[in-house]
Amino acid sequence: MRKTYQIEKDNYEDAGQASRDIKMTLKTLGLDPKVLKRVSIACYEAEINLVIHSDGGVITFEIDDEGVVHLSFDDVGPGIPDIELAMTPGYSTASKKAREFGFGAGMGLDNMKNCASTFDIESSKEGTHLKMSFV
């Protein structure tokens with residue numbers, strides 16, 4: 001199974017809908033609740049980052065024949081200048097607008113990494129590419 005979702009910059013009204021759809025799909029498929037919780041947390045954090053920090057992007061969700069969940073997040077610029085710093089719990093570059101919506105605590109990337117079985121992130125001025133899998 002494979003689904004893709006287009007995410008728009010600054011679209012706080014629809015933020016989280018892709019994550020909810022993925023969660024409901026996995027719940028319907030009977031995914032282990034502990035894995036479902038980890039996927040849900042990581043997916044939501046990544047989706048919100050697309051809304052807040054990128055110029056838009058795409059989420060790709062797959063579940064393979066062995067039941068492994070794969071999530072990819074590919075966005076358009078501006079990239080993350082210092083990934084190591086961005087991975088520091090509490091570090092945030094969220095805008096005032098994002099903070100007004102209750103986002104920007106600086107825990108997103110760290111939460112994703114802690115929830116995922118595998119976590120790979122690459123970034124440049126053209127965009128950020130994040131891949132996670134969950135077993």
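Helices, such as α1 in the views below, are DSSP runs of H or I with at least four residues, numbered from the N terminus. The model shown here is a predicted one.

**View 1. Helix α1 and the residue that follows.** Helix α1 covers residues 17-28, and its 12 residues, at 1.5 Å a residue, should span 16 Å, which agrees with the 16 Å that separates its end C-alpha atoms. Just after α1 comes Gly-30, a residue with a positive phi, near 80 degrees.

**View 2. The two sides of helix α1.** Which residues of α1 are buried? They are Ala-18, Ser-19, Ile-22, Thr-25 and Leu-26, and because they cover an arc of only 125 degrees around the axis, they lie on the same side of α1. An α-helix has 3.6 residues a turn, so residues three or four places apart point the same way. Lys-27 and Thr-28, in contrast, are exposed on the other side of α1. The packing partners of the buried residues of α1 are the strands β1 (2-7), β2 (57-63) and β3 (69-75), together with helix α2 (33-53).

**View 3. An aromatic pair, Tyr-12 with Phe-103.** A pair of aromatic rings is described by the distance of the centres and the angle of the planes. The count for this model comes to 1 aromatic pair, in which the ring centres of Tyr-12 and Phe-103 are 6.1 Å apart and the planes stand at 20 degrees, so the pair is stacked; planes under 30 degrees apart count as stacked. Distant parts of the chain are linked by this pair, since Tyr-12 sits in the loop between β1 and α1, whereas Phe-103, 91 residues apart from Tyr-12, sits in the loop between α4 (96-100) and α5 (108-115). Tyr-12 has a relative accessibility of 12% and therefore counts as buried, while Phe-103, at 21%, counts as partly exposed; the cut-off for buried is under 20%.

**View 4. Thr-60 and its contacts.** Thr-60 belongs to strand β2. Is this residue buried or exposed? Its relative accessibility is 10%, so Thr-60 counts as buried. When neighbours within four places in sequence are left aside, the residues in contact with Thr-60 are Arg-2, Lys-3, Thr-4, His-70, Leu-71 and Ser-72.

**View 5. The open sheet of 5 strands.** The strands of this open sheet follow the order β1-β2-β3-β5-β4, and their pairing is antiparallel. At the edges are β1 and β4, each of which pairs on one side only. Direction ignored, neighbouring strands of the sheet are turned by 10 degrees against each other on average.

**View 6. Strand β5 and its partners β3 and β4.** Strand β5 runs antiparallel to β4, to which it is joined by 7 bridges, and also antiparallel to β3, with 6 bridges between them. Ser-123 has Thr-128 in β5 as its bridge partner, Thr-118 stands opposite Ser-133 in β5, and Val-69 stands opposite Phe-134 in β5. The connection from β4 to β5 is a hairpin through 2 residues. Of the 8 residues of β5, 6 are buried, so this strand is largely enclosed by the rest of the structure.

**View 7. Helix α5 on the sheet.** Helix α5 packs on the sheet, where it touches β4 and β5, and its direction makes about 145 degrees with that of β4. Its buried residues are Gly-108, Leu-109, Asp-110, Met-112 and Cys-115, and these pack against α2, α3 (83-86), β4 (118-124) and β5 (127-134).

Note on methods: Residues numbered from 1 in each chain as written. Predicted model: local features only at pLDDT ≥ 70, side-chain atom pairs only at ≥ 80, totals over all residues. Heavy atoms only, no water. Expected span 1.5 Å × (residues − 1). Buried < 20%, exposed > 50% of the residue type's maximum accessible area, 1.4 Å probe, protein only. Arc of directions from axis to C-beta. Contact = heavy atoms within 4.5 Å. Phe/Tyr/Trp six-rings, centres within 6.5 Å; stacked < 30°, edge-to-face > 60°. Pairing = 2+ DSSP bridges. Axes fitted to C-alpha atoms, helices over the stretch in contact; angles between N-to-C directions.
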